[in-house]
Structures are given as C-alpha cells and as structure tokens.
Amino acid sequence: MARVTVLYFASLRDAAGVASECLETEAPDLRTLYESARTRYGFALPIDRLRVAVDGAFAKWGDPIRDGGEIAFIPPVSGG
Amino acid sequence: MNFRDAHDEREMKKFALSDNPIDIAPLRGALLDARAGAFASFEGWVRDHNDGRAVRGLRYEAYAALAEAEGERIVDEALAKFEIVDARCVHRTGELAIGELAIWAGASAAHRDAAFAACRYIVDEVKLRVPIWKHERYADGAAGWLHPQPEQEKPT
C-alpha cells in the first residue's frame with residue numbers, strides 16, 4: 001500500500017471534480033493507477049494520449065509507485 | 001551577491017511562466033550583447049477564431065513545476081543546437097483577451113539564420129512538450145479544453 005498525491009489538469013480536473021487528491025493505492029505501477037482513475041471518473045482520454053510525471057519530472061507508465069510520491073497525469077498539451 | 005550566484009540566477013531564468021501581461025522590453029534587453037549582430041523574436045497572440053469557431057477569450061493553465069523545467073530544457077537545447085548567443089521564452093497563464101500576447105520567444109546571434117531557427121525551435125517545442133493547456137470560450141457560449149491529437153495540430 002502506497003500513499004500518493006495525484007494531480008489532475010485541464011479536462012481531467014473537470015472530470016474528476018478536484019485538482020488533486022491523496023490516495024492509498026495498491027496499484028503496482030502508474031499505468032494501473034491511471035486506468036483505475038479513468039474508470040472512477042470516466043476520463044475520455046486513453047492512456048496512449050497522455051504522459052505521466054512523478055515529483056515534477058516525466059516518468060514512464062511502467063514505473064512502480066513510490067510511497068509519498070506526487071503523480072501528475074498530463075493530458076495532450078495546448079500551449080503557444 | 002557574488003558572481004556565481006548572479007550566474008546561477010541568470011541560468012534559471014531563460015524560460016518563465018507569467019500570470020501577468022508579458023513585458024517585452026526587459027526580455028529583449030536581456031539579450032543585448034556585443035557579440036550579437038542579429039535578434040529575432042516571435043509573438044503568439046490570442047486570435048478570435050479557432051477551427052472555424054469564433055473565440056471570445058481563453059485561459060491557460062500550467063503544471064508550473066514541470067512546465068518551467070521543460071521550458072528551461074528547451075531553451076538549453078536551442079543554445080546547444082544553434083549558433084546563438086542567448087535566448088529567452090515566456091508563456092502566459094491565466095485569463096487572456098483577444099489580441100493579448102500568449103507566448104514570446106527571442107534569440108540573439110552573430111547572424112540572423114541561427115536567431116530565426118532558434119526562435120522557431122523554441123516555440124515549436126514549447127507547443128509540443130510543455131504542460132500548458134488552453135481553455136477556449138466560444139461566441140456560442142460553449143467552452144472547452146484543447147487536447148490536440150498530433151496529426152490535428154495546426155501551425156498558429
């Protein structure tokens with residue numbers, strides 16, 4: 001069991017109804033964590049359209065979840 | 001402040017997010033250099049239409065910690081890739097009206113080709129990689145986040 005903070009941005013935040021939340025999770029990796037959030041909140045975006053970051057740096061979906069980590073799901077960006 | 005502190009601070013400031021209107025003069029001023037014979041800049045403005053719809057205004061939101069780190073990386077890449085003296089980029093966050101400056105990038109170089117190329121590279125990469133999102137409000141009352149697919153991206 002790991003305790004993590006998850007950040008939601010843009011359409012993910014609108015769908016989740018929160019900008020961030022603290023979770024206790026048994027997900028083995030970031031991919032599983034996103035899929036469970038997607039199911040819970042009905043996110044339209046499939047995982048292959050997103051990137052993921054841990055503690056302010058880009059990470060890989062297969063990375064394990066570390067206790068105390070801050071995880072951000074990054075939907076397709078539209079700056080500029 | 002000793003030389004090292006001043007140097008480190010300068011190194012950290014090549015890319016910035018700004019919640020306030022971008023003031024161009026100090027950005028351009030920071031790039032003035034005796035070695036530079038050329039300066040190029042790019043300004044991205046908020047336009048009144050997108051994808052065939054009338055736009056009334058927009059809001060940019062960023063994941064600030066990662067956006068600043070990735071933006072800094074992009075300007076560093078431009079410095080390594082092109083024969084430029086220096087470069088800067090600032091991206092707005094918050095509410096913007098039609099015509100407002102959304103992004104500014106500038107590069108100084110000995111010769112103009114590198115300055116143009118570096119500017120283009122910085123803006124292109126920022127649009128692709130930096131975690132900033134645009135929320136548009138349309139004339140018909142609708143609003144929504146833009147999450148473009150790579151093949152749907154259009155030059156602005």
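These are my notebook entries on the contact between chain A and chain B, one pocket and a few salt bridges in a predicted model.

**Entry 1: the interface**

I started with who touches whom. On the chain A side I got 22 residues, in contact with 22 residues of chain B. Then I looked up the area buried between the two chains, and that came out at about 1900 Å². Carbon and sulfur atoms give 56% of that area. Which residues of chain A lose the most area to chain B? I found A:Val77, A:Ser78 and A:Gly80 there, and together they make up 32% of what that side buries.

**Entry 2: polar links across the interface**

Next I went after charged pairs. The rule finds 1 salt bridge across the interface of chain A and chain B. I noted its partners as B:Glu61 and A:Arg13, whose side chains meet at 2.4 Å, N to O. For polar contacts between the chains I counted 16 residue pairs, with both residues at pLDDT 80 or more.

I also checked which elements of chain A supply at least two residues each to the side touching chain B: helix 1 (10-16), strand 3 (51-54), strand 4 (57-59) and strand 5 (70-74). Helix 1 of chain A has the largest share, 4 residues. Sorted by class, that side of chain A holds 12 nonpolar, 5 polar and 5 charged residues.

**Entry 3: the second largest pocket**

I moved on to empty space. The second largest pocket holds about 240 Å³. How many residues line the second largest pocket? I got 14, and the ones nearest its centre are A:Arg49, A:Arg51, A:Pro76, A:Val77 and B:Leu128. So I had A:Val77 turning up again, listed here and among the residues that lose the most area to chain B. The lining splits into 9 nonpolar and 5 charged residues, with no polar ones.

**Entry 4: salt bridges overall**

Last, I searched the whole structure and found 16 salt bridges over all chains. One I wrote down joins the side chains of A:Arg40 and A:Glu21 at 3.2 Å, N to O. A:Arg40 sits in helix 2 (residues 30-41) and A:Glu21 in strand 2 (residues 20-25) of chain A, so this pair ties together parts 19 residues apart in sequence.

How values were computed:
Residues numbered from 1 in each chain as written. Chains lettered and ligands numbered in written order. Predicted model: local features only at pLDDT ≥ 70, side-chain atom pairs only at ≥ 80, totals over all residues. Heavy atoms only, no water. Contact = heavy atoms within 4.5 Å. Buried area = accessible area lost by both parts, 1.4 Å probe. Salt bridge = Lys/Arg side-chain N within 4 Å of Asp/Glu carboxyl O. Polar contact = N/O pair within 3.5 Å; in protein donor to acceptor, adjacent residues only side chain to side chain. Nonpolar A, V, L, I, M, F, W, Y, C, P; charged D, E, K, R; others polar. 1 Å grid on protein atoms, 1.4 Å probe; cavity = no way out; pocket = protein on both sides within 12 Å on 5 of 7 lines; lining within 4 Å. Points joined across faces, edges and corners; volume = space filled by probe spheres on them.
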